[in-house]
Amino acid sequence: MQNIKPGLTALSDALDIAFAEVPVMVPAQERPIQECYGAVLRQDVIARVSVPSVDNSAMDGYAMRHADLANVDGPIPVAGVSLAGRPFDGVLPKGAAIRIATGAAIPSGADCVIIQENVTANDDETEITIDPDVIARTSLHQNIRWTGEDIKAGDKVLSAGGILRPQDIAIVAGQGFSVLSVARPLKIAVFSTGDELARPGDILPPGGIYDSNRFAMIGMLRDIGCEVTDLGLLADDFEVLENALTDAAKNHDVIMTSGGVSVGKADLLKPVVDRLGEITAWKLAIKPGKPLMRGKIGNCLVIGLPGNPVSVLVSGLLYVVPVLRHAMGASRSALAPVRIPVCAGFDFTRRAGRREWLRARLVQNADGAFEAIAFSSTSSGMLSSMVWAEGLIELPESCTQVSKGDRVLYLPLSGLQ
Ligand code: AMP
Ligand code: MG
């Protein structure tokens with residue numbers, strides 16, 4: 001029982017509905033791998049080579065035949081060298097060793113590697129001696145990395161729908177691929193609405209505020225690989241908004257705005273979208289960020305965020321980012337935020353009915369354990385709370401009270417961006 005406030009949609013339902021209603025909006029395109037960081041992968045990647053490609057040494061040392069170690073009674077001749085990329089081509093002679101480097105192929109006949117630190121070599125490295133206790137603790141196959149131990153040719157190494165991290169690009173490169181099929185970036189038009197807003201750099205009129213939300217939105221969108229057109233500020237004027245939205249919808253996949261989606265006299269975005277297209281979702285049971293609008297004008301997705309700066313960031317990270325990544329073809333599993341159970345280091349009382357996120361940090365308490373602390377205010381107008389925060393504490397819809405020591409869920413901001 002979630003105790004959702006009537007007229008509002010729970011975030012999880014709103015996301016389910018958006019994932020069902022919003023199509024994958026952009027085609028796949030081939031791109032050089034070095035331009036694919038953060039992009040949504042649109043193909044499975046199947047290994048074409050095994051890694052390692054040959055049995056090789058995990059350490060610098062001497063490759064030997066394990067059975068020979070039982071008969072050692074003096075210096076052991078070094079019969080050759082195997083370096084990474086320059087293998088010893090021959091068979092290890094009985095009773096001998098091969099000098100071997102990390103990553104070098106194990107010579108035929110060898111089945112263990114003794115690290116160089118445990119061996120004494122003569123000056124010209126033609127002979128080595130090994131202490132009996134080192135011999136006694138050397139096991140068969142010691143320090144050998146086997147062919148295919150990391151990746152076998154034919155294995156699926158990455159699945160379509162994932163968001164490409166540095167290690168993902170690295171594994172693709174390690175397979176010799178130089179291009180990948182990824183989502184074409186969404187083209188997104190961004191603007192802020194509000195008669196009170198001024199551009200950073202301009203003189204602030206009395207009672208005015210500088211537009212900060214546009215810069216939060218642009219950053220969030222760039223972080224997920226979108227191509228942003230900054231359309232600046234728009235007045236709270238039906239015709240101005242109508243014209244701007246009509247134009248932007250022609251050559252963008254998405255329009256994202258802040259402000260003007262509440263129910264005040266100057267909140268004109270809803271009626272404008274209603275006139276030009278349709279409103280497909282409205283008002284989430286979330287705090288901050290309740291008056292959130294999703295609509296469309298033709299094939300262009302429109303997302304109207306509220307004006308309060310914290311609402312923009314929280315609903316942007318928890319609703320808009322997953323929906324847009326879905327629209328680029330991300331799989332559901334790539335979209336769930338990281339939620340870590342932690343102890344609350346504070347008391348908090350609230351009304352049930354909406355899911356709420358408190359701006360939070362993890363700190364060490366007197367016992368050395370980590371606990372979450374919350375920002376002193378829950379105001380959605382205080383941008384400083386988001387700058388202070390390293391994460392969010394998520395309180396479920398039904399929660400009315402958090403007491404120090406309770407288990408709460410912590411969402412690191414780094415896992416949302
Ligand atoms: P609104 O949703 O338009 O009613 O705005 C809610 C609150 O957010 C008001 O206090 C606005 O002044 C403020 N606000 C609206 N847009 C912005 C913006 N772009 N940057 C900073 N604050 C804003
Ligand atoms: Mg406004």
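This report describes the surroundings of ligand 1 and several local backbone and side-chain features in a predicted model.

**The ligand site**

Ligand 1 is located in the second largest pocket. Its surroundings comprise 16 residues, of which Glu196, Asp211, Ser212, Gly260 and Gly307 are the closest. Sorted by class, this shell contains 8 polar, 5 nonpolar and 3 charged residues.

Polar contacts to ligand 1 include those set out in the table below.

| Protein residue | Part of the residue | Atom of ligand 1 | Distance |
|---|---|---|---|
| Glutamate 196 | polar side-chain atom | oxygen | 2.6 Å |
| Serine 212 | polar backbone atom | nitrogen | 3.1 Å |
| Asparagine 308 | polar backbone atom | oxygen | 3.3 Å |

Taken on its own, ligand 1 has 480 Å² of accessible area, and the protein covers 76% of it. Glutamate 196 contributes a side-chain atom to these contacts, whereas serine 212 contributes a backbone atom, as does asparagine 308.

**A buried serine**

Strand β5 spans residues 76-82 and includes serine 82. This serine has a relative accessibility of 0% and is therefore classed as buried, the limit being under 20%. The side chain of serine 82 makes a polar contact with the backbone oxygen of alanine 105, at a distance of 2.8 Å.

**Cis peptide bonds**

Most peptide bonds are trans, and most residues other than glycine have a negative phi. Departures from both tendencies are found here, beginning with the peptide bonds.

The bond that joins valine 51 to proline 52 is cis, and its omega is near -10 degrees. Proline 52 belongs to the loop that connects β2 (45-46) with β3 (56-57). A cis bond also links lysine 287 to proline 288, here with omega near 0 degrees. Proline 288 is placed in the loop between β19 (286-287) and β20 (293-297).

**Positive phi angles**

Where does glutamate 125 lie? It is part of the loop between β8 (119-121) and β9 (127-130). The phi angle of glutamate 125 is positive, near 55 degrees, although the residue is not a glycine. Glutamate 125 counts as partly exposed because its relative accessibility is 40%, a value between the limits of 20% and 50%.

Lysine 283 likewise has a positive phi without being a glycine, at about 75 degrees. The loop that holds lysine 283 runs between β18 (278-282) and β19. With a relative accessible area of 25%, lysine 283 is partly exposed.

Note on methods. Residues are numbered from 1 along each chain as its sequence is written. Chains are lettered from A and ligands numbered from 1 in the order in which they are written. This is a predicted model: local features need pLDDT of at least 70, side-chain atom pairs count only at pLDDT 80 or more; totals for chains, interfaces and linings use all residues. Side-chain values use heavy atoms; hydrogens and water are left out. A residue is near a molecule or strand if one of its heavy atoms lies within 4 Å of it. A polar contact is a pair of N or O atoms within 3.5 Å; within protein, one must be able to donate a hydrogen and the other to accept it, and residues adjacent in sequence count only if both atoms are side-chain atoms. Accessible areas come from the Shrake-Rupley method with a 1.4 Å probe; for residues, only the protein chains shown count as cover. On a 1 Å grid over the protein atoms alone, a cavity is a set of points where a 1.4 Å probe fits but cannot get out, and a pocket is an open set with protein on both sides within 12 Å along at least five of seven lines; lining residues have an atom within 4 Å of a point. A molecule sits in a cavity or pocket if more than half of its atoms lie within 2 Å of its grid points. Ala, Val, Leu, Ile, Met, Phe, Trp, Tyr, Cys and Pro count as nonpolar, Asp, Glu, Lys and Arg as charged, and the others, Gly among them, as polar. Helices (H or I, at least four residues) and strands (E, at least two) are DSSP runs, numbered from the N terminus. Buried means under 20% relative accessible area, exposed over 50%, partly exposed in between (1.4 Å probe, protein chains only).
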